[in-house]
Amino acid sequence: MKNFGFSFDTTYTTLPKQFFSESEISKVPDPKTVIFNKELADNMGLDFSGCSDLDKANLFSGNQLPLGATPFSQAYAGHQFGYFTMLGDGRAHLWGEHIIPSGTRLDIQFKGSGRTAYSRNGDGKAALGPMLREYIISESLFNLGISTTRSLAVVSTGEPIMREMVLPGAILTRVASSHIRVGTFEFAAAQSDKNVIKSLIEYTINRHYPSLINKDNKELSLIRLVMEKQVDLIVHWMRVGFIHGVMNTDNMTISGETIDYGPCAFMDTYDPNKVFSSIDHGRRYAYDNQPKVAQWNLARLAESILLGIESNIEKVLPVAEGIINEFSVVYKKKWLAMMGSKLGLFFLRKDDEKLIYELLDWMEKNNADFTKTFRDLSNATYPHSKIYDDNQFRQWFDRWQNRLKYNDRALQSAISLMKSVNPNIIPRNHIVDQVLKSADSGDFKPLSDLLIAIKEPYKDRTSISKYENLPKPNEQILHTYCGT
Ligand code: AMP
Ligand code: MG
């Protein structure tokens with residue numbers, strides 16, 4: 001059996017047995033490699049030289065797993081749209097933890113690989129479109145410099161999947177620094193056994209936050225470090241106009257990586273209340289709500305972790321509350337600094353917050369495209385487009401130009417800063433939709449073209465590519481679906 005360089009050292013299964021269930025991966029009839037991430041494979045120390053497409057298809061469909069892979073699914077719970085539910089990997093199998101040559105430990109996981117102990121009424125399968133959406137968007141976030149799980153391969157299975165219509169089946173291979181979620185802690189807390197929650201706290205600290213191992217009050221420090229990671233993550237999402245769409249507590253990692261790309265999308269015109277998900281009727285996961293939801297989810301994490309504390313709980317509780325409340329303060333500070341960087345400001349002065357909000361207000365009122373507006377401004381010259389032929393914008397632009405003079409660095413540095421944080425290429429939702437439709441009918445060329453285009457999102461381009469254009473009215477995609 002070929003082993004392709006995989007080197008497994010799986011530790012998750014040393015946790016109490018409630019945390020996982022071992023299960024076989026069912027074979028698929030006709031696996032075909034749709035997309036394989038060679039660059040990621042190389043970075044992971046994997047070697048597929050001399051390996052045929054069929055070898056890869058057999059591997060990434062589970063028909064032939066490498067030596068040392070011991071498939072299991074993880075138990076977790078979650079607040080879904082505010083309501084607590086017991087969940088678990090209903091259609092995912094972990095192969096185990098692969099150690100890459102630098103020593104980093106990575107989970108390798110199948111999504112769409114069949115029923116598990118946690119499938120409830122689901123079929124355990126996934127359709128090609130949603131798996132390719134995860135591949136495209138996760139790789140895009142990675143290229144944009146945003147912490148995320150990654151995608152190693154998508155294989156079509158040759159099996160039809162029954163949804164509202166019959167769809168081609170597929171399996172995604174996901175790579176993550178771990179799959180420990182806020183929901184994993186909620187699951188542990190629901191076991192009514194202090195030792196279960198304590199074992200998860202210890203495991204998580206060893207795996208993700210080893211600096212805490214010998215510290216006092218490490219439970220509180222864990223809450224703080226996860227809070228800081230989540231602040232950074234959400235600030236990055238806001239920077240590029242990313243809407244996750246289903247920020248349930250089971251879809252929030254402890255590592256700070258973006259996970260579970262369901263109805264996610266990037267917004268085109270700036271709208272703080274923007275929602276894509278077809279099921280988010282209450283706008284719970286709207287663009288501007290993302291920081292508030294993250295804070296709410298972290299409160300659920302803190303409640304769960306506190307159940308693992310033995311003594312002094314009356315002293316610890318207010319400190320934990322303080323950490324969660326701090327989220328808003330830390331977030332606001334980092335968000336302002338980020339928005340400042342989008343406008344080429346190296347530090348913030350008194351009136352900068354007003355300057356930022358005035359631009360956002362103008363963008364909202366004028367249906368300005370989020371990505372394009374900031375990239376247009378990144379040359380620090382008056383942008384040429386009909387939308388900017390507007391008095392209110394002109395006055396704002398003059399104020400901004402005056403403000404730029406207070407930077408302690410040359411204008412060129414401000415321009416470089418802006419071009420490093422304001423992408424010109426994002427996978428726009430209408431393009432993603434076209435790519436997925438083509439893929440469903442067997443044409444993968446639009447997919448590979450898009451993957452090339454999103455590779456260098458900050459690069460200056462000599463001509464406008466079709467990926468920079470806004471959707472025409474008839475191309476707009478207003479709703480996205482979970483694809484479960
Ligand atoms: P998600 O919305 O992808 O985060 O999924 C929420 C929960 O539903 C998770 O526990 C999934 O494992 C489970 N799930 C989603 N789709 C399926 C499916 N087709 N079969 C079984 N479980 C599923
Ligand atoms: Mg999920």
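**Helical salt bridges and internal cavities**

At 11% relative accessibility, Lys56 falls in the buried class. Its salt-bridge partner in this predicted model is Asp53, with N and O 3.7 Å apart. Asp53, by contrast, counts as exposed, at 52%. The two sit about one helical turn from each other, because they are three residues apart in helix H2 (residues 53–59).

Helix H13 (residues 429–440) holds a pair with four-residue spacing, Asp433 and Lys437, again about one turn apart. Here the closest N and O atoms of the salt bridge are 2.7 Å apart. This time the acid is the buried partner, Asp433 being at 18%, while Lys437 is exposed at 55%.

Then there is helix H14 (residues 445–453), where Lys445 and Asp449 lie four residues apart and their side chains meet at 3.0 Å, N to O. Lys445 is exposed at 51%, and Asp449 is partly exposed at 27%. Elsewhere, shared partners tie Asp89, Lys111, Glu134, Arg174, Arg181 and Asp260 into one salt-bridge network. The structure has 35 salt bridges in total.

As for empty space, two cavities reach 30 Å³ or more. The largest encloses about 70 Å³ and has 13 lining residues, with Gln230, Leu233, Trp237, Asn251 and Met252 nearest its centre. Helix H6 (residues 218–240) is the top contributor to that lining, supplying three residues. By class, the lining splits into five nonpolar, seven polar and one charged.

The second largest cavity holds about 40 Å³. Its lining includes Ser26, Gly112, Lys125 and Glu159, and comprises two nonpolar, five polar and two charged residues.

How values were computed:
Residues numbered from 1 in each chain as written. Chains lettered and ligands numbered in written order. Predicted model: local features only at pLDDT ≥ 70, side-chain atom pairs only at ≥ 80, totals over all residues. Heavy atoms only, no water. 1 Å grid on protein atoms, 1.4 Å probe; cavity = no way out; pocket = protein on both sides within 12 Å on 5 of 7 lines; lining within 4 Å. Points joined across faces, edges and corners; volume = space filled by probe spheres on them. Nonpolar A, V, L, I, M, F, W, Y, C, P; charged D, E, K, R; others polar. Salt bridge = Lys/Arg side-chain N within 4 Å of Asp/Glu carboxyl O. Buried < 20%, exposed > 50% of the residue type's maximum accessible area, 1.4 Å probe, protein only.
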